[in-house]
Amino acid sequence: MKTSSRAMKVVACLLLVALVLTAGYAAKQTDTYIVHDRTRPWPPVITPPKQVGQPPSDAIILFGGTDPNLNEWVSEKGGGQAKGGGQAKWTIKDGYMVIPKKAGGIRTEKLFGNCQLHIEWRTPKGVDPKITDQKRSNSGVFLMDRYEVQILDSYTDDNYKTNKTYADGQAAALYGQHPPMVNACRKAGEWQSYDISFLRPLFDANGKLLRKARITVLHNGVVVHNNIEIEGTTFHKKEAAYKPHEHGKGHIRLQDHGSPISFRNIWVRELPEQPYLIENPDLK
Ligand code: MG
């Protein structure tokens with residue numbers, strides 16, 4: 001009798017644990033909704049592009065090729081238009097824009113947090129082979145004005161004998177942090193693309209980091225970063241680190257590093273925050 005009562009208690013305990021675990025799992029899995037809940041809201045319907053790489057209907061066009069005033073962009077010199085800086089001074093030619101000498105970088109007037117970004121770029125043909133390493137057609141795409149995906153002429157042979165730099169500074173590297181998983185670079189003079197999915201970092205009211213930013217990058221359609229954590233603001237010859245900043249949104253910036261890089265077909269989609277990716281309930 002005693003044994004049977006003890007056994008029942010053990011079974012009851014196990015059942016309780018199982019119930020708690022199941023409830024926890026269900027809550028985590030679906031947040032508010034049960035599986036196949038017909039009251040769950042449907043996602044917005046959009047029109048996809050006819051061709052991959054072209055903008056879907058909910059994209060914001062940052063540069064379509066025919067905007068001579070670069071209305072979505074401001075010069076980063078002097079802190080941009082909002083802080084007394086000026087209009088972006090990059091040159092428009094045949095549907096693309098190119099960085100003139102000493103023009104300075106440009107950044108979007110609008111601010112973006114979580115987003116999908118498509119951008120096409122081209123390094124110039126015929127660069128003197130003596131110009132190597134980080135000087136070989138350098139630019140970059142900065143998310144939230146801070147986190148750089150490197151642009152560089154990194155086209156090379158299988159053993160990097162003809163062209164190389166440090167791995168975490170080559171094209172598609174998360175500069176100073178993560179080299180791309182593969183080098184998918186095209187030759188100088190050919191158009192290339194980045195498709196970037198970015199999850200912003202989150203800070204609490206005191207500037208304490210609650211969630212690192214994350215990024216997925218496709219270079220010419222090839223996954224080169226798969227949802228990796230960003231270690232912080234991009235620095236040169238210094239380890240990346242987070243500096244507290246408004247975790248909402250920031251400018252997208254294109255770098256002028258002294259090379260005449262061209263850009264075209266730039267569009268962005270704002271992505272909603274996903275509550276299950278936030279640990280602090282106050283930020284939901
Ligand atoms: Mg750069």
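## Close-up views of a predicted model

**View 1. A bridge between V141 and L254 in an open sheet.** V141 has L254 of strand 14 as its bridge partner. This is a predicted model, as are the views that follow. Strand 7, residues 139–143, runs antiparallel to strand 14, and 2 bridges join the pair. Step back a little and you will find an open sheet of 5 strands with antiparallel pairing, in the order 2-5-14-7-8. Strand 2 (73–75) and strand 8 (147–151) stand at its edges; each has a single partner strand, so one side of each is left without a neighbour in the sheet. As a reminder for this view, strands of a sheet pair through backbone hydrogen bonds, either parallel or antiparallel.

**View 2. The hairpin of strand 12 and strand 13.** Here strand 12 (residues 214–219) and strand 13 (residues 222–229) run antiparallel and are joined by 5 bridges. Look for R214, which stands opposite E229 of strand 13. The two strands form a hairpin with 2 residues between them. N220 sits in this loop between strand 12 and strand 13. What is the phi of N220? It is near 50 degrees, a positive value in a residue other than glycine. Most residues other than glycine have a negative phi. N220 has 17 other C-beta atoms within 10 Å, so it is partly exposed, falling between the limits of 12 or fewer for exposed and 20 or more for buried.

**View 3. K237, another residue with a positive phi.** Follow the chain into the loop between strand 13 and strand 14 (253–254), and you will meet K237 there. Its phi is positive, about 55 degrees, although K237 is not a glycine. Is K237 buried or exposed? K237 counts as exposed because it has 5 C-beta neighbours inside 10 Å.

**View 4. A103 and its contacts.** A103 belongs to the loop between strand 4 (96–98) and strand 5 (106–108). Which residues does A103 touch, leaving aside those up to four places away in sequence? They are K89, W90 and D256. To place K77 in the same view, note that its C-alpha atom is 8.6 Å from that of A103, with the two residues 26 apart along the chain. A103 is partly exposed, because 17 other C-beta atoms lie within 10 Å.

**View 5. F198, a buried residue of strand 9.** F198 is part of strand 9, residues 192–199. It counts as buried because 23 C-beta neighbours lie inside 10 Å, where the cut-off is 20 or more. Beyond residues up to four places away in sequence, F198 touches N114, C115, L117, L143, A213 and I215. The C-alpha atom of E270 is 9.8 Å from that of F198, and 72 residues separate the two along the chain.

**View 6. The whole chain, for orientation.** The chain holds 1 helix and 15 strands. Of its 284 residues, 31% count as buried. Among contacts between residues at least 6 apart in sequence, 61% join residues at least 24 apart. The average pLDDT is 86, and 82% of the residues score at least 70. Over residues 10–29, however, the pLDDT is below 50, and this stretch has 0 contacts in the model beyond near neighbours in sequence. Where pLDDT is low, the predicted coordinates should not be read in detail.

Methods: Residues are numbered from 1 along each chain as its sequence is written. This is a predicted model: local features need pLDDT of at least 70, side-chain atom pairs count only at pLDDT 80 or more; totals for chains, interfaces and linings use all residues. Two strands pair if DSSP finds at least two bridges between them. Helices (H or I, at least four residues) and strands (E, at least two) are DSSP runs, numbered from the N terminus. Two residues are in contact if their C-beta atoms, placed from the backbone, lie within 7 Å. pLDDT is the predictor's confidence in each residue, from 0 to 100.
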